[in-house]
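Let's take a walk through this structure together. Keep the 3D view open and turn it as you read.

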There are 4 protein chains.
Amino acid sequence: MARTVGSSGPKTAEAIRAAGIRLIYEHGFEAMSLRQLAAEVGLQPGSLYKYFDTKQDLLFDIVREHLEDLLAKIADALDGIVDPVARLAAFAAFHLRYHMTLKSNVYIANMELRSLEPDNRAIIVAMRKRYEAILIDILREGQAAGALHAAEPRVAAFAILAMLTGICNWYRADGPMTQDELVTLHVDLVLGGVGAKRQAVHKAG
Amino acid sequence: MARTVGSSGPKTAEAIRAAGIRLIYEHGFEAMSLRQLAAEVGLQPGSLYKYFDTKQDLLFDIVREHLEDLLAKIADALDGIVDPVARLAAFAAFHLRYHMTLKSNVYIANMELRSLEPDNRAIIVAMRKRYEAILIDILREGQAAGALHAAEPRVAAFAILAMLTGICNWYRADGPMTQDELVTLHVDLVLGGVGAKRQAVHKAG
Amino acid sequence: MARTVGSSGPKTAEAIRAAGIRLIYEHGFEAMSLRQLAAEVGLQPGSLYKYFDTKQDLLFDIVREHLEDLLAKIADALDGIVDPVARLAAFAAFHLRYHMTLKSNVYIANMELRSLEPDNRAIIVAMRKRYEAILIDILREGQAAGALHAAEPRVAAFAILAMLTGICNWYRADGPMTQDELVTLHVDLVLGGVGAKRQAVHKAG
Amino acid sequence: MARTVGSSGPKTAEAIRAAGIRLIYEHGFEAMSLRQLAAEVGLQPGSLYKYFDTKQDLLFDIVREHLEDLLAKIADALDGIVDPVARLAAFAAFHLRYHMTLKSNVYIANMELRSLEPDNRAIIVAMRKRYEAILIDILREGQAAGALHAAEPRVAAFAILAMLTGICNWYRADGPMTQDELVTLHVDLVLGGVGAKRQAVHKAG
DNA sequence: TATGAATGAGGCTTCATTCAT
DNA sequence: AATGAATGAAGCCTCATTCAT
């Protein structure tokens, strides 16, 4: 994948971002060199600095934009759903679809937290907590309403998130199961795990 | 100048291993430098090469020994248990305890697969598959016996493993919940997820 | 801090090549460090890698270009000469002049064969064989024509080449004998050695 | 070629010497490491220092002993021969046989002059000059006696030595020509080169 | 907007050598 | 006579980054 000859301005910026995501996903942030990235986009290494100030900034931007997107879309996905079990099912379905679709972005955000400088990491961790809090709240409400069992909603939320996120480790678009089948399977695991009766339909993510 | 008196072979080897695990856990394999590692152990960087041939070998040894240990211990943990649901519970309990106790080793084995050279990675992946296969078999038998629902045992196993392994991301020995409480909570999530009736006692891991 | 103003690309490349030849000639390839080379050219060691990929490549390029040059020029030097003895004299004269003029390059090509990696060495050895073959053919033709004695042209060629090349070991441009005198002396040795009657004039190399 | 278990004292010293010669011959002095040498002899690297003080000393000893041997044996080879042409033939024959037999030692002495420290090099160069002087004297006497042409005996001697020494570059004991055939061939080249009539028999070296 | 030359720090690794045991 | 642990210097090489053009 080489140079987009004559690429200019915004197109180059987007190409850098895309190549950056791919390379970080494949090799890890530390292992990816700006030389590689530049080669991928058809630039000299030094030229990248028109588009970011620091390798660290590139990572931070990718991760932050991912989390902003995630937070915006989960809000949409839950909008208008009130029943706690339905909300739980909708959360799980959304999370799965998002993670199957944007596997690389998600993977990076999870794996490369470690590579973020303390200040940047703090910002990202705070955003992640806002996302987790959404699930924790759903569990808490469901427990309060007697619709499911989650005596420790925080721990249960972590467990559920880990399970759903795990799909990034092996999902392939060309695998034997469809996204819908995988969603159904996992939503059942989640609802069963907290003793909720499956019912409502989940909106698409 | 020769050796700093008081240092000795096997003790140094063990110190290097321990420091290696800690540093890889904290910074990642790529980000850890042998200078750091040497400083941590009180050696010159070059002196490390009495104890391994290559930075890559250090990683491979850590990961391989972890998986050998894991495979040996899960066999013990399941030994003598026949009922599929009991086996599932025992598997989950063992996995959790092991991952809470040897968090760093586990974390490294999961995160740094990427940093292993192809040949080494193949060996490790094969060992991991043997471990996964144990859980898949349990689910398959349970399904066959009508004791639980796992129409797709492979996918269910991945989901369960991701959930249980996730505990490494946040568990602290000095946290508010005991290991036993966490085990109970997670085993319930697992059994509930596959629609199994909780029953048997789980052997300690 | 960026570049030291006043330095420029091709000039630097040529300076590196020249310094490389000198240092390898003086210290040997293994003994020459890239630190030395960089210092000689006024660069940081890492900066050398704009100009070659590998220390080995630097050596290979030097040796290969030397042999390409040698092969091109011997063809010129023999062009149009048909009499075998005249060709032998022309070959010897050319070889001597070339070796006196480009002593370092020649010396490196002979001494550092050992330092070339197998693949590179094979390429160079093949080129050398083409050069040797020219002399062998001359001797063979002379023998066939009854103009000289060379029952074993291959061995004789090696002996002659060794003798002529030996001049690199001690020749100094400021020594007591001129190049012309040395050429005459050696050509006599060669022709006498194979029992040929001196005759033709040798074209300058 | 590994450890001579239980080898002690003088036997070890000789093994080190032999392995040293082989390794320097194969890889060059700079490229040979004391680790290699130690492994070859079945010792730890540090243990070599019972047998020499310095890597440099090892080289110097090898080269010096070679030259001492050479000087002693050429004296024997010429002993009792008075006719200059006969002496020249004897010298050439001796030189060739010695170089075919002790190829590695000779090669090292020629190639690794460069690796000797200045003081050591000066000593060796002086010994070499004594050897060269023998040939120069023979040529001078032959010229004075009108038995051969060598207007510049020093230069002629260098040329002859280079030719004869060149045999190290390609001679193989299992090659198609015998030592005797090669000696004859080269002696003819030498005598022919200086216009001497072949006559006397050459003593074996 | 991009290049091309360069920096300086630091990466992993190997080396000759030392010395207590 | 030999080991085994260690040193300290240096090896080749790669990196993120800078900046004149």
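Start at the DNA: a phosphate oxygen of DNA strand F sits 3.3 Å from an N or O atom in the side chain of Ser33(C). Keep in mind that what you're looking at is a predicted model. Another phosphate oxygen contact to find involves Lys55(C), where a polar backbone atom is 2.8 Å from a phosphate oxygen of DNA strand F. Over on chain B, Thr12(B) has a polar side-chain atom 3.3 Å from a phosphate oxygen of that strand. The elements giving two or more residues to the surface near DNA strand F are helix H2 (34-41) of chain A, helix H1 (9-27) of chain B and helix H2 (34-41) of chain C.

Now zoom out a bit. There are 38 residues around DNA strand F, and the ones that come nearest are Ser47(B), Tyr51(B), Arg35(C), Ser47(D) and Tyr51(D). Which parts of the DNA make up the atoms within 4 Å of the protein? For DNA strand F, 71% of those atoms belong to sugar or phosphate, and the rest belong to bases.

**How the chains are arranged**

Pick out chain A next. Chain A has eight helices and zero strands, and its C-alpha trace spans about 60 × 40 × 30 Å along the principal axes. Of its 205 residues, 48% count as buried. If you take the contacts in chain A between residues at least 6 apart in sequence, 69% of them join residues at least 24 apart.

The chains also come in matching copies. Chain B can be laid over chain A by a rotation of 179° with 0.1 Å of shift along the axis, giving an RMSD of 0.2 Å. The interface residues of chain B are, at 100%, also interface residues in chain A, so these copies meet through the same surface. Chain C goes onto chain D with a rotation of 179°, a shift of 0.1 Å along the axis and an RMSD of 0.2 Å. That's the relation of a two-fold axis. Here, 100% of the contact residues of chain C recur in chain D, with the same surface serving both copies.

Not every pair of chains meets, though. Chains A and C do not touch, and their nearest C-alpha atoms are 12 Å apart. Chains B and C have no contact either, with their closest C-alpha atoms 19 Å apart.

**Charged pairs**

Over all chains the count comes to 36 salt bridges. Here are a few from chain D:

| Salt bridge | Closest N to O |
|---|---|
| Glu65(D) and Arg64(D) | 3.8 Å |
| Asp180(D) and Arg97(D) | 3.0 Å |
| Asp137(D) and Arg140(D) | 3.4 Å |

The pair Asp180(D) and Arg97(D) links distant parts of the chain: Asp180(D) is in helix H8 and Arg97(D) in helix H4, 83 residues apart. Asp180(D) is partly exposed at 47% relative accessibility, while Arg97(D) counts as buried at 13%. Asp137(D) and Arg140(D) are three residues apart in helix H6 of chain D, so about one helical turn separates them.

Chain A has a network of salt bridges linking Arg17(A), Asp61(A), Arg64(A), Glu65(A) and Glu68(A).

One last stop: Glu132(D), in helix H6 of chain D. What is the nearest side chain of opposite charge to Glu132(D)? It's Arg128(D), 4.2 Å away, and Glu132(D) is buried yet has no salt bridge. A salt bridge needs the nitrogen and oxygen within 4 Å, so that distance misses the cut-off. Leaving aside neighbours within four places in sequence, Glu132(D) is in contact with Phe158(D) and Leu161(D).

Methods: Residues numbered from 1 in each chain as written. Chains lettered and ligands numbered in written order. Predicted model: local features only at pLDDT ≥ 70, side-chain atom pairs only at ≥ 80, totals over all residues. Heavy atoms only, no water. Contact = heavy atoms within 4.5 Å. Helix = DSSP H or I, 4+ residues; strand = E, 2+ residues; numbered from the N terminus. Buried < 20%, exposed > 50% of the residue type's maximum accessible area, 1.4 Å probe, protein only. Lys, Arg positive; Asp, Glu negative; His and termini not counted. Least-squares fit on C-alpha atoms with pLDDT ≥ 70 in both. Near = heavy atom within 4 Å. Polar contact = N/O pair within 3.5 Å; in protein donor to acceptor, adjacent residues only side chain to side chain.
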